[in-house]
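Me: I've got this model open and keep tripping over the labels people put on it. Can we go through what earns each one?

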Amino acid sequence: MTAATLPALSVSGLRAGYGHGADIVRGIDFDLPPESIVAVIGPNGSGKSSFVKTLAGLLDVRAGSVSVTGQDVTHETPARRVAAGLAYVPQEANVFPSLSIRENLKLATEFLRGRAGVGAERQEHVLSLFPDLALRMRTRAGDLSGGQRQMLAFASALLANPEVLLLDEPSAGLSPKFVEQTMEAIARVRAAGVTVLLVEQNVAAALKIADEVAVLVAGHLTLRTEAKLVDHTALGELFFAKVA
Ligand SMILES: Nc1ncnc2c1ncn2[C@@H]1O[C@H](COP(=O)(O)OP(=O)(O)OP(=O)(O)O)[C@@H](O)[C@H]1O
Ligand SMILES: [Mg+2]
């Protein structure tokens, strides 16, 4: 396989859990084609956040493997995964509210020092994707609207020049107008060449921009299909189906 056809992210037989507890991620096989958006949806508590936390290196892998553009990162630290091209935006607390936009971006750049393609030029490119942020660099993150705060979280992650961006419910708590803006921003990120794994509760919003959708129920992937083929009724049944 050539580099161009390698999946941006490849996950095989992944199992993970918290402390001495039972597995929450229970054997996931998952590929992200380059420059695609794949939405991961599923009921509350099905393990979506745990899955992306495992990919980001915040939860120990108990079995299986994770690679980014062919590079095995299964046992790497979160920082080494970022260096390998895997950036993560958590569901909550994803910006520093008391710092300005400029300071948030500066901090992210400092953290990333040493990664290829990080620096002033990269920041300029990232800000071109989020013109709203460029207009108010001195505004404290805590004073931004929910939608703008999400843009700042995306921008901070994108400063790493990642191959893959992991987004955990970016639309949570946003009003419909901001949900739309956030989804448009994610589509721009993909158009700029980044592959996106998008965890979403807002299935309708996610389906508008996703190429494919994967359903996660009780730590298993129960369905993977093209977004345009998804039938909402069938999804409802899958969400509540019992999984062995
Ligand atoms: N820090 C933790 N320690 C122990 N168990 C946890 C922890 N975080 C989550 N869990 C458990 O893992 C399971 C999956 O939770 P997770 O947050 O991954 O689900 P989710 O699909 O992201 O849910 P939501 O839709 O509410 O965001 C739940 O049973 C939850 O109680
Ligand atoms: Mg979650």
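Reply: Sure, and keep in mind that this is a predicted model. Take strand E8: Thr195, Leu197 and Val199 on one side are buried, and so are Val196 and Leu198 on the other.

Me: What makes those E8 residues buried?

Reply: A residue gets that label if 20 or more other C-beta atoms lie within 10 Å of its own. In E8, 5 of the 5 residues are buried, so each of them reaches that count.

Me: How do you know that E7 and E8 pair?

Reply: Pairing takes at least two bridges. E7 (residues 164-168) and E8 (residues 195-199) have 5 bridges in the parallel sense, so they qualify. Val196 of E8, for one, is the bridge partner of Leu165. From E7 the chain goes through helix H7 (residues 176-191) to E8, a right-handed β-α-β crossover.

Me: And why are E3 and E8 called a pair?

Reply: By the cut-off of at least two bridges: E3 (residues 37-41) and E8 are parallel over 4 bridges, so they pair too. Val40 is matched with Val199 there.

Me: What makes Lys48 the charged residue around ligand 1?

Reply: The shell divides into 2 nonpolar, 9 polar and 1 charged. Lys counts as charged, and Lys48 is among the residues around ligand 1, so Lys48 is that one.

Me: Which helix gives the most to that shell?

Reply: H1 (residues 48-56), with 3 residues. H1 is mostly covered, with 8 of its 9 residues buried, including Lys48 and Ser50.

Note on methods
Residues numbered from 1 in each chain as written. Chains lettered and ligands numbered in written order. Predicted model: local features only at pLDDT ≥ 70, side-chain atom pairs only at ≥ 80, totals over all residues. Near = placed C-beta within 6 Å. Helix = DSSP H or I, 4+ residues; strand = E, 2+ residues; numbered from the N terminus. Buried ≥ 20, exposed ≤ 12 C-beta atoms within 10 Å, placed from the backbone. Right-handed = clockwise from strand over helix to strand, strands pointing away.
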